[in-house]
Amino acid sequence: MLDNLNWWEIGALLLLALLIFGDKLPTVINDGLRLVRNLRNMARNATGDLSRELGTDIQLEDLHPKAFIRKHLLSEEDEAAIRKPLQGVYDNLRADVSSVHDDLKDVASAADLRSNGTGSSTATSNGAPAPAPRVSYDDAT
């Protein structure tokens with residue numbers, strides 16, 4: 001929550017809170033903590049009431065509509081039927097990407113062998129000059 005604040009900014013906020021609230025600062029902090037505790041208790045009671053009404057075990061994370069439908073209203077067969085059309089597309093895409101990845105590895109290894117070869121000529125088998133090796137960003141840094 002406060003990941004983007006450094007120590008100076010947190011200190012400035014605390015000093016500002018002290019200046020605004022003065023002697024009432026401990027009371028304000030206590031009231032804020034009591035409010036958070038009450039909100040947690042209300043959420044816990046609401047999930048308990050909902051669990052009793054539906055007859056299932058519901059956690060606070062399950063109250064998101066997508067998670068609720070997936071966990072409590074759909075059976076495993078229904079969920080599999082929903083995923084089935086997309087699973088084939090996903091499998092095909094994954095196979096295509098892996099074949100492209102393998103092809104790129106083959107091309108990279110062939111280019112690496114050509115540049116590390118024993119021949120001092122820069123010409124390829126058809127007589128055209130070989131392209132200069134590219135320096136990658138990782139090598140430069």
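Long-range contacts are missing from this chain: among contacts between residues at least 6 apart in sequence, 0% join residues at least 24 apart. The model is a predicted one, and the chain in it has five helices and zero strands. Read from start to end, the pattern is simply α-α-α-α-α. Not much of the chain is tucked away either, with buried residues making up 4% of its 141 residues. The accessible surface comes to about 12,800 Å², and carbon and sulfur atoms account for 60% of that area.

Confidence varies along the chain. The mean pLDDT is 78, with 75% of the residues reaching 70 or more. Among the elements, H1 comes out highest, at a mean of 89, while helix H5 (residues 137–140) sits lowest, at 60. A weak spot turns up at residues 119–123, where pLDDT stays under 50. For that stretch the model has six contacts beyond four places in sequence.

Helix H1 spans residues 7–21 and supplies the largest share of a nonpolar surface patch, namely four residues. The patch is formed by Leu13, Leu16, Ile20, Phe21 and Val28, which together offer about 450 Å² of accessible area. Phe21 belongs to helix H1. With a relative accessibility of 37%, Phe21 falls between the 20% and 50% cut-offs, so this residue counts as partly exposed.

Helix H2 covers residues 25–54 and includes Thr47. Thr47 has a relative accessibility of just 9%; the cut-off for burial is under 20%, so Thr47 counts as buried. Its side chain is not left without a partner, as the Thr47 side chain reaches the backbone oxygen of Arg44 at 2.8 Å.

The salt bridges come next, and the structure holds two of them. One pairs Arg34 with Asp31, with the closest N and O atoms 3.3 Å apart. Both of these residues lie in helix H2, three residues apart, or about one turn of the helix. Arg34 is partly exposed, having a relative accessible area of 40%, and Asp31, at 37%, is partly exposed too.

The other bridge joins Asp49 to Arg52, and here the closest N and O atoms are 2.2 Å apart. Asp49 and Arg52 are again in helix H2; because they are three residues apart, about one helical turn separates them. The two ends of this bridge fall into separate exposure classes: Asp49, at a relative accessible area of 37%, is partly exposed, whereas Arg52, at 61%, is over the 50% cut-off and therefore exposed.

Past the end of H2, the chain runs through a loop to helix H3 (65–73), and Gln59 lies in that loop. Gln59 has a relative accessible area of 37%, which makes this residue partly exposed. Where does Gln59 stand relative to Gly48? Along the chain the two are 11 residues apart, and their C-alpha atoms are separated by 8.5 Å.

Conventions
Residues are numbered from 1 along each chain as its sequence is written. This is a predicted model: local features need pLDDT of at least 70, side-chain atom pairs count only at pLDDT 80 or more; totals for chains, interfaces and linings use all residues. Side-chain values use heavy atoms; hydrogens and water are left out. Helices (H or I, at least four residues) and strands (E, at least two) are DSSP runs, numbered from the N terminus. Buried means under 20% relative accessible area, exposed over 50%, partly exposed in between (1.4 Å probe, protein chains only). A polar contact is a pair of N or O atoms within 3.5 Å; within protein, one must be able to donate a hydrogen and the other to accept it, and residues adjacent in sequence count only if both atoms are side-chain atoms. Patches are made of residues with over 30% relative accessible area and no salt bridge: like charges are joined within 9 Å, nonpolar side chains (Val, Leu, Ile, Met, Phe, Trp, Tyr) within 5 Å. Accessible areas come from the Shrake-Rupley method with a 1.4 Å probe; for residues, only the protein chains shown count as cover. A salt bridge is a side-chain nitrogen of Lys or Arg within 4 Å of a carboxyl oxygen of Asp or Glu. pLDDT is the predictor's confidence in each residue, from 0 to 100. Contact means heavy atoms within 4.5 Å.
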